[in-house]
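Reader: Got a model I'd like to go through with you. Can you take me round it, contacts and all?

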Amino acid sequence: MRRKELKEISDYLPEVVVLQILCRLPVKSLIRFRCVSKIWNSLITTSAFIDSHLTQSLSLPSNSNKLVVSRGDFRTKVEYYEFIHDDNNDSDSSFHQFQNVEFPLSFSYFKLIGSVNGLFCLCEKEQIILWNPCIRKFITLPKTKTKSAVIYGFGFDARTNDYKVVSIATKPRCLVEVYSLKEGAWRKTSAGGSLSPGTMFLCYNGAAFIKGAVHFQATCRITRKLKTCPFILSFDFGDEVFRFISLPMSVLTAELEFDIFGFRGSLSVVCYTHRIRTSCSIWVMKEYDVDKTWSKLCTVDLCGNGHVIVETDLKTDPKLSSYDPQSKQVKNLGIYGRSFNSCADNYVESLVLLNKPVLFDKADDALSLWVGSSKRKFW
Amino acid sequence: MKFCTVKQYFDDENNNNVTNGIATTVIPLPNKHLKIKANNKEMEQYEQELLRNVMPQELTKLILAANYLNFKEALDFFCRTVANAIQNKSVDYVRKFFGLESDFEPGEEEKLCKEFAWSFEGVDED
């Protein structure tokens, strides 16, 4: 009798409704439920489902407070990714860690290039990988054509629903290639030709994926001794073109040093006005790509920052804190210890990469290393 | 928009899902939703109450009603409630809940379970 009743549910529970329920589940549950039946296994791995799940994930208010902080230690050659979230209801002035993931290929030091929609892009020398930590899957990209040092950027093309990596080689001349996850291959672009020959990139990789573009610090060499003031070059993943964005007028000098990041969806820069970094100013571009809308958010004396993550390098106790310029509240991220090349970014759980095959031999070797090791600590 | 669909819903004789119980739960929902939208804790309490008083079968009927009425907030709410209820459950529990049977070839299911062994950690006992 009960069996008949239960069977009736599935008789009139249309697939579209089952999908509505499934796309509200956390990733870990969905991976487990792939074992429920063949139909569910195939439903969960379709591109359409991965997209609807991502849309749901992005709309959850709890996901707007999740951060991922990466920290690499040159000495032990291990990189840690900590997922933390800010529980607004808590009167506690700390973020809470909800995951601590050790990067699967820990025998070499990978650098985080960027992350979008829960997908991370990392590189080590010429090897680039795309990694989704919550489904525990990564793929290795084929190598680019250029042999010289390159600068990378990672982003997402909303028009074609495609994740892309841009590779910029500056010597002998500027060559820009783009890798598309959908195509599974690198492609040359003519974007390099649009840059003036003296263009010099001042960064190792692109930062702040905002309004469909990734941003680089650059300057232009006029003569051997003369350079222009630094500026921002944005690379749009939709039309694959560079655009020039100038920095706030009041901080422009040739010696200006700055970092780019995204702040509440806007392009922002931290400008260090002195060689000795005792203070910095944070500027936010209120309207993207409109120079006049740079507005100073705050000047920070490096003992706090606002939903801006800053490493406070006090001699005894270096730590990462978050500071909200509106409420002037400092929160401890709970991450201590000397860190090199740390970076923080917003994080959302997603199934991206689930339906991509793992193509390259080197990845298979690394995968067996990962699965076999017992000291890996995941959630 | 909502009123027209509701009237149609009751007039539609082919719709076997209409019962008074469902109508009384779904229709007052917009008001309740507006009242408790701002407060997450109250939402959680209401969700818990719903789960205790309503059988899973009823919940799926509520979902179907909300879907038919094109009532997005109710659909989102009920689906999320079901998702929260099943998220930490075992594969067997979920099969029983949705009335599904395994259609895997012998050995196929084991292979998948082994591959995703990490996702089985911390699952509720049946």
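Author: One term before we start. Buried means under 20% relative accessible area, exposed means over 50%, and partly exposed is in between (1.4 Å probe, protein chains only). This is a predicted model, where local features need pLDDT of at least 70, side-chain atom pairs count only at pLDDT 80 or more, and totals for chains, interfaces and linings use all residues. Residues are numbered from 1 along each chain as its sequence is written, chains are lettered from A and ligands numbered from 1 in the order in which they are written, and side-chain values use heavy atoms, with hydrogens and water left out.

Reader: Fine. How many helices and strands in chain B?

Author: Chain B has 8 helices and 0 strands. Helices (H or I, at least four residues) and strands (E, at least two) are DSSP runs, numbered from the N terminus.

Reader: And how much of chain B is buried?

Author: Of its 126 residues, 39% are buried. As for contacts in chain B between residues at least 6 apart in sequence, 56% join residues at least 24 apart. Contact here means heavy atoms within 4.5 Å.

Reader: Now the interface. How many residues does each chain give to the contact?

Author: Chain B gives 40 residues and chain A gives 34.

Reader: What area do chain B and chain A bury between them?

Author: About 3500 Å², with 66% of it on carbon and sulfur atoms. Buried area is the accessible area (1.4 Å probe) that two parts lose on being put together, summed over both.

Reader: What about polar contacts across it?

Author: There are 11 residue pairs in polar contact between chain B and chain A, both residues at pLDDT 80 or more. A polar contact is a pair of N or O atoms within 3.5 Å; within protein, one must be able to donate a hydrogen and the other to accept it, and residues adjacent in sequence count only if both atoms are side-chain atoms.

Reader: Which elements of chain B touch chain A?

Author: Helix 5 (56–68), helix 6 (72–86), helix 7 (91–98) and helix 8 (108–115) of chain B each give two or more residues to that side. Helix 6 of chain B has the largest share, 7 residues. By type, the chain B side divides into 19 nonpolar, 9 polar and 12 charged residues. Ala, Val, Leu, Ile, Met, Phe, Trp, Tyr, Cys and Pro count as nonpolar, Asp, Glu, Lys and Arg as charged, and the others, Gly among them, as polar.

Reader: How many salt bridges between chain B and chain A?

Author: The count is 3. A salt bridge is a side-chain nitrogen of Lys or Arg within 4 Å of a carboxyl oxygen of Asp or Glu. One of them joins D76(B) and R24(A), 2.7 Å from N to O. D76(B) sits in helix 6 of chain B, and R24(A) in the loop between helix 2 (15–22) and helix 3 (27–32) of chain A.

Reader: R24(A), buried or exposed?

Author: R24(A) is buried, at 12% relative accessible area. D76(B) is partly exposed, at 26%.

Reader: Any annotation on chain A?

Author: An unreviewed UniProt entry gives "domain: F-box" for residues 13–53 of chain A. That span is 68% helix and 0% strand, and its end C-alpha atoms lie 19 Å apart.

Reader: Back to chain B. Which residue forms a salt bridge with R95(B)?

Author: D92(B), with the closest N and O atoms 3.3 Å apart. R95(B) and D92(B) are about one helical turn apart, because they are 3 residues apart in helix 7 of chain B. R95(B) is buried at 10%, whereas D92(B) is partly exposed at 42%.

Reader: Which residues do shared salt bridges join into one network?

Author: D157(A), K164(A), E183(A), R187(A) and E240(A). Within it, E183(A) pairs with R187(A) at 3.5 Å between the closest N and O atoms. E183(A) is exposed, at 51% relative accessible area.

Reader: New topic. Where does S180(A) lie?

Author: In strand 10 (residues 175–180) of chain A. S180(A) counts as buried because its relative accessibility is 0%. Its side chain makes a polar contact of 2.6 Å with that of D162(A).

Reader: Last one. Where does D291(A) lie?

Author: In the loop between strand 19 (280–285) and strand 20 (294–300) of chain A. D291(A) is partly exposed, at 37%. Leaving out residues up to four places away in sequence, D291(A) touches I245(A), S246(A) and M285(A).

How values were computed
UniProt positions renumbered as here; feature names shortened; annotations may be inferred.
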